[in-house]
Number of protein chains: 2
Amino acid sequence: MSTIKDVAKKAGVSISTVSLVINGKGYVAPETREKIMSTIQELNYKPLHSARKLATKMTGNIGYIVWDVHFSEVEIFYSQIFLGMEYAARDSEHYILLTTVKEDFNPKTDLPRFLKYRDVDGVVLAGRVPHNLIKYLEDQNMPFVIVDYGIPGKVYNSIVIDNFNGAFQAIDQLIKSGKKKIGFVGGSFYHPSIKERYRGYKEALEAHGIGNIEYFNNYSFIKEEETSPEIGQNGINQLLKNNENLDAVFCCNDTTAIGVMNELKAQNKSIPKDIAVVGFDDITSSSFCSPALSTVRVPKLDIGKQAYKLITEIIYHPKETPQTRTISVEYIKRKSS
Amino acid sequence: MSTIKDVAKKAGVSISTVSLVINGKGYVAPETREKIMSTIQELNYKPLHSARKLATKMTGNIGYIVWDVHFSEVEIFYSQIFLGMEYAARDSEHYILLTTVKEDFNPKTDLPRFLKYRDVDGVVLAGRVPHNLIKYLEDQNMPFVIVDYGIPGKVYNSIVIDNFNGAFQAIDQLIKSGKKKIGFVGGSFYHPSIKERYRGYKEALEAHGIGNIEYFNNYSFIKEEETSPEIGQNGINQLLKNNENLDAVFCCNDTTAIGVMNELKAQNKSIPKDIAVVGFDDITSSSFCSPALSTVRVPKLDIGKQAYKLITEIIYHPKETPQTRTISVEYIKRKSS
DNA sequence: CTGAAAGCGCTTACAG
DNA sequence: CTGAAAGCGCTTACAG
C-alpha cells in the first residue's frame, strides 16, 4: 500500500501539497495538481482513513440506531430505511454503523459502543427511541436526526412521514368505493405516526359528513402497545362485536392489517366484499397476502437517503434552527379494498 | 476527552505503561496496574480508535456483504444474520459495516468502499455472492468467511446450514402423518442450500421406500432462478397438472411456500387436508400466514454469532486449513401440515 | 518492571 | 503557490 509520502516523492513535491490536492484545498498550480493527480492514479494511492481521522478528529462513521423490536420483528421497515442510508453514504464518505437499543435503555450502561467511544460524527434515530438517549445526544452535542418519530412539544432535526395525508387519502378512497362504516385498529399513540394516521382517518370521515363522537368511539380500537398482528386480531373481533354493519377497517400499519385479514378469513368473511381492509407502510409481505393488501406506500429507501442528506448537512454546517422534512406518501389500491 | 497522556501524567507513569495496561500486555507491577486502572476510571478515559488503528494497522471494522436482492426483498433472513453478528460484535471490538453488491458485480468498478480503502480486517459473505468477489478477496489476502453458500469443488472458511437433515426431517414427518405423494418446489440449484434440501427430500422418501426416477421427475418443479412467491405459484400449478393425487408439497424455502399456499387458497384447496405445505427457513411471515406455515427453523441470529466468531478467529489466528461449521436446524410443525 | 523515542499516515497553520 | 514542521493519540521494540 502506497502512502502520501510515496506519492510526494514520486511526484517530486512535498506531502503537504499532495494533501492539499487530495482535499481540494488551498491553491495549487495547475501543473503541480496534474502531476500529483496522475501520480495518485499510477500508484493507486488511497488515503488511510484512520490516519486522516486521527488528524481531523472526524470518525467517518455514522450510527444508525433502531429499537431492537423494530429491527428484529416483522419490521422490514427500518432495515429498508437503513439500506437507503447505506446507498446514499456509498457515494459519499461515511460508513453507517447499525445497532439496536432496548426499550428500557439506560445511558449509563447500555450506551452503543460507537457513542461511548465517539466513533461517529452523527446519529440517525429511526422510529420510537428512548427519550433519555435523545437527551444524552443533546448533552453531548452530538448531531442527530430523528426519523419517523417525535416528542410532543419538542422540535428536532427530523424526517417525518406525511401520515395525515396518507390516511386521509386511504379513507377518502374507501368512502368513494361505497364503504360507510369504517373502523380503525391501531397501536400506541405514543408513536406520533399512529396518532397522525388516526387523525387523518377521523378528518377524512368528517370531510364526508360521516362520523361523530359516538361513531369514533364505537369504530375505533386502540391498544396501548407496540403494533402486532395480535392487535389486529383482537381489534377486528372487538369492532365486529360492537358493530354489525362494519364494512371496512383502516389499520395503523400493515402488520396490524395482516392480523385483521387472517382473523376475517378464519371467520369466513369475504375481503373486500364484506369488509375491506387497508393498511399503511407497504411492507413487503403486504403484496403476498391474499388478497393482496391495499395500503399507503411509504418510500422507505427514500427516507433513508433523505436522512443521510440531512445528518451530513448538520454535521458539516450546524444549523441554528432544527429542520423538519416531510416525506409524502401514496395510496396503493390492491385487492383487499 | 482525556487522552493516554492525561492518564499517564495523573497516574505518574509513562504512556507506554498505560498502554500496556490497557492492552493487557507485558508485565506491569500490580500496584502500578491498580493505580493506572483507577486513574482510567476517574478520568473516564477511552482510547481513541483511529489512533489505535493507525498504530496497529487494524481497522476495527468488519464488512458484511450481502446480495442486494437478498437484503431488499422478502428476505429478512440475511438481516437477521447481520443482527446476530452485530450482537456478537457489540461485546467485542468491531463495527460491522453492511453493504450490498449487485448480481453483475465487477471488481474494477463496484468494489465496496470498505474493501477499496481496506477499512475492514475481514469480511463475511452472506448467501450467494459473485465468484469474482471471492477471488478478489483471495488475491488480496483478505480474511473472509462464507455463510450459507459454497462453490462446488472449493473449500473455504464457512458457516453452513444442515440443509440435508432439515429437509430429511420435514419429509419424514410428512410421511409419518400419512402423506405419500409429496412434491418439491424450488429455485436455482446454483445455491447449494437448495440443492441440499432437494437431496434431503429425495433421500427421505427413498428411506421410506417411496420414490423412483419417474416419481421425482413428476413431483419436482425446479426453476433456475432466484426463489420467489411466483415460483411457488407456478410450481404448484405445474405439479397439480401432472399429479392428481398430490397430497403435500415441500418447498425450498418459506418465500416459495407462501406463493404455493396463496395459489392453493385461490383454488379453494384445503391446507393441510387436501395438500400439506412445508417450507424452510422460518422467516417471520411464516407464522402470520394462514394457516401458519410448517417449516424448518434456521437459527439466523445464531448463524450471525457463529460467523462473527469464526471471522475473528481467522483474523487473529490465520488458519492453514479452511474450517466449515455446520449449524443444525429443527422442524417446526404448525398448521399447514 | 518501566520509560524514552520512533513511528503509524495523515492535516494544517505558518513561513517564505 | 509550496515546503518544513508540529501534531493528532496511540503502540511497540528497545534499553535499562
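A visitor asks a guide how the terms used for this predicted model are justified.

Visitor: What makes this a predicted model, and how is it numbered and lettered?
Guide: The record gives it as a predicted model, where local features need pLDDT of at least 70, side-chain atom pairs count only at pLDDT 80 or more, and totals for chains, interfaces and linings use all residues. Residues are numbered from 1 along each chain as its sequence is written, while chains are lettered from A and ligands numbered from 1 in the order in which they are written.

Visitor: Why is chain A called more spread out than a compact globule?
Guide: Its radius of gyration is 25 Å, well over the 20 Å that the globule rule gives for 337 residues, so chain A is more spread out. The radius is taken over C-alpha atoms; the rule is 2.2 Å times the number of residues to the power 0.38. The C-alpha trace spans about 85 × 40 × 35 Å along its principal axes.

Visitor: How do you know which residues are around DNA strand D?
Guide: A residue counts as near if its C-beta atom, placed from the backbone, lies within 6 Å of the strand. There are 27 such residues, and A:Ser16, A:Ala29, B:Ile4, B:Ser19 and B:Ala55 come nearest.

Visitor: Why are the two copies said to be related as by a two-fold rotation axis?
Guide: A rotation of 180° with 0.0 Å of shift along its axis superposes chain B on chain A, with RMSD 0.1 Å. The fit is by least squares on C-alpha atoms of residues with pLDDT of at least 70 in both. The two copies are therefore related as by a two-fold rotation axis. In chain B, the C-alpha of B:Ser50 is nearest the axis, 2.3 Å from it.
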